[in-house]
There are 4 protein chains.
Amino acid sequence: VSRETRAVRSEFNVWQSFTTRWADNDAYGHVNNTVFYQWADSAVNGWLVGQDLLDIESGDSIALVVETRCSYFAPLTFPEPIDIGLAVAHLGRSSVRYRIGVFVVGTEQAAAQGEFVHVLVDRTSRRPVEMPQSWRRALESIS
Amino acid sequence: VSRETRAVRSEFNVWQSFTTRWADNDAYGHVNNTVFYQWADSAVNGWLVGQDLLDIESGDSIALVVETRCSYFAPLTFPEPIDIGLAVAHLGRSSVRYRIGVFVVGTEQAAAQGEFVHVLVDRTSRRPVEMPQSWRRALESIS
Amino acid sequence: VSRETRAVRSEFNVWQSFTTRWADNDAYGHVNNTVFYQWADSAVNGWLVGQDLLDIESGDSIALVVETRCSYFAPLTFPEPIDIGLAVAHLGRSSVRYRIGVFVVGTEQAAAQGEFVHVLVDRTSRRPVEMPQSWRRALESIS
Amino acid sequence: VSRETRAVRSEFNVWQSFTTRWADNDAYGHVNNTVFYQWADSAVNGWLVGQDLLDIESGDSIALVVETRCSYFAPLTFPEPIDIGLAVAHLGRSSVRYRIGVFVVGTEQAAAQGEFVHVLVDRTSRRPVEMPQSWRRALESIS
């Protein structure tokens, strides 16, 4: 397998910290590969909620995941906390592609990195809607 | 259902903070009941690791869960962080019963509370072993 | 720790099968204790949906978890499938206490057993409501 | 976002069924995107165990995940069971790239599809090892 270049902290614009859980460690003693996606999901949606863009319970629009990917470079282990870096890689009419980096605290190179694509849809019809100016401005600010 | 009395912060002796995750919210929009057990597990084992008592990967003894319970009083919601309080309720020859409280940040009454019973066993035979003095001393200090 | 008596299959009235997942195995190589609660939750709600009692997305009433407990007797390991036994232990005005047994396929004694208490509430106000006759009849049939 | 073509059942060579869990449904009422990776992980490792290739607890070699990706086309919802299709897309010296398809029972088009890359490593050193003939033969049989 040819591998992409390992990301460094300067490639990300927003930072959030997350805790690991005992159940995250799998039979090989390290955080299971699926947990990285739980963090990606949480970093993106947590940032959207913090920016008052996403109202999970009652907003007119919700953001659905249409594509994700992750490359793993170094193992993580409970109980160490981790840092998640976030940046916007591409902003479309109703979709946005985020870059995600997972870092051990105090390290420069990503333990894992990936992408996460959201499409903004109407909550009821689940059809794509054009991204509002408020979303566009906030997303451009972390591009 | 008759309910037990809701715990308050002063009933716990050790504190740890955990983050919620997007996937924790279930179809009713609140953190799923099973996640509280992930935090209990993490609070107990994280404290044991922090006290240099438990070596998850290579210690001679490991602590297995034999009984857990939880009462739920108030919903929690991603992305709010939570505080977990820990105390030892009973210390036996090879087992220990912990009390666990889950609190919204800044609140006095537990959102949920429960118990978590560990039995110390030999890693290979998985038979109970007598708790070493180092464990006993640390556990008594949070009783 | 004094332990309760291990349950046998004849103590349960409804059976459902579930699959284990790779991520269920934790650092000690067995299914993590919190996964048993995911199965309990799934067995109860899956049965309610199958009986046309619970409409997760749009029913007027939803069932909230107020108390759960579990005792663990024997380890389970991915990739083995498991059988979940269900029975009603107590039926109240707006609440129901279920007994849950987790069994390895082909074995008579429970690997784990516990209880799970649901309170039926109005979806919007989240206040308890009296259990409808349809619920009462179905729940009595598995008591 | 341009989307890849939706896979159909005939593109996969091995089939396994998995159950959904109540906790899989997230705040939008559908199975959370991270659960699809739990199934991929389980389908690949479950097949390896079933072929007597992988001994999770004590084999000399273990298979580590270095890259995964998934595209989502249609929502899934607890309590529906799902079918996972598996095929080998590329077989290298010490690595293998699997294709994964997630299907609603009775449907022809994938609800989601992705890839999952394993590298075979020595359990202790965690350095890549050449894939044994037994692995190669089995993997070629599902290419």
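The following exchange concerns the interfaces, symmetry and empty spaces of a predicted model.

Me: What kind of model is this, and how are residues and chains labelled?
Reply: This is a predicted model in which local features need pLDDT of at least 70 and side-chain atom pairs count only at pLDDT 80 or more, while totals for chains, interfaces and linings use all residues. Side-chain values use heavy atoms, without hydrogens and water, residues are numbered from 1 along each chain as its sequence is written, and chains are lettered from A and ligands numbered from 1 in the order in which they are written.

Me: What makes chain D and chain A count as being in contact?
Reply: Contact means heavy atoms within 4.5 Å. Chain D gives 28 residues to this contact and chain A gives 28 residues. Between them the two chains bury about 2,400 Å², where buried area is the accessible area (1.4 Å probe) that two parts lose on being put together, summed over both. Carbon and sulfur atoms account for 52% of that area.

Me: How many salt bridges and polar contacts are counted between chain D and chain A?
Reply: A salt bridge requires a side-chain nitrogen of Lys or Arg within 4 Å of a carboxyl oxygen of Asp or Glu, and the count here is zero. A polar contact is a pair of N or O atoms within 3.5 Å; within protein, one must be able to donate a hydrogen and the other to accept it, and residues adjacent in sequence count only if both atoms are side-chain atoms. By that rule there are 14 residue pairs (both at pLDDT 80 or more) between chain D and chain A.

Me: How is chain D related to chain B?
Reply: Copies are superposed by least squares on the C-alpha atoms of residues with pLDDT of at least 70 in both. A rotation of 180 degrees, with 0.0 Å of shift along its axis, lays chain D on chain B with RMSD 0.0 Å. The two copies are therefore related as by a two-fold rotation axis.

Me: Why is it said that chain D and chain B meet through the same surface?
Reply: The reason is that 100% of the interface residues of chain D are also interface residues in chain B, so the copies meet through the same surface. Nine residues from chain D and nine residues from chain B take part, and the buried area is about 760 Å².

Me: What makes a space a cavity, and how many are there of 30 Å³ or more?
Reply: On a 1 Å grid over the protein atoms alone, a cavity is a set of points where a 1.4 Å probe fits but cannot get out; lining residues have an atom within 4 Å of a point. Grid points are joined across faces, edges and corners, and a volume is the space filled by probe spheres set on the points. The structure holds five cavities of 30 Å³ or more. The largest cavity has about 420 Å³ of space, and among the residues closest to its centre are Gln38(A) and Arg21(B).

Terms used: 1 Å grid on protein atoms, 1.4 Å probe; cavity = no way out; pocket = protein on both sides within 12 Å on 5 of 7 lines; lining within 4 Å.
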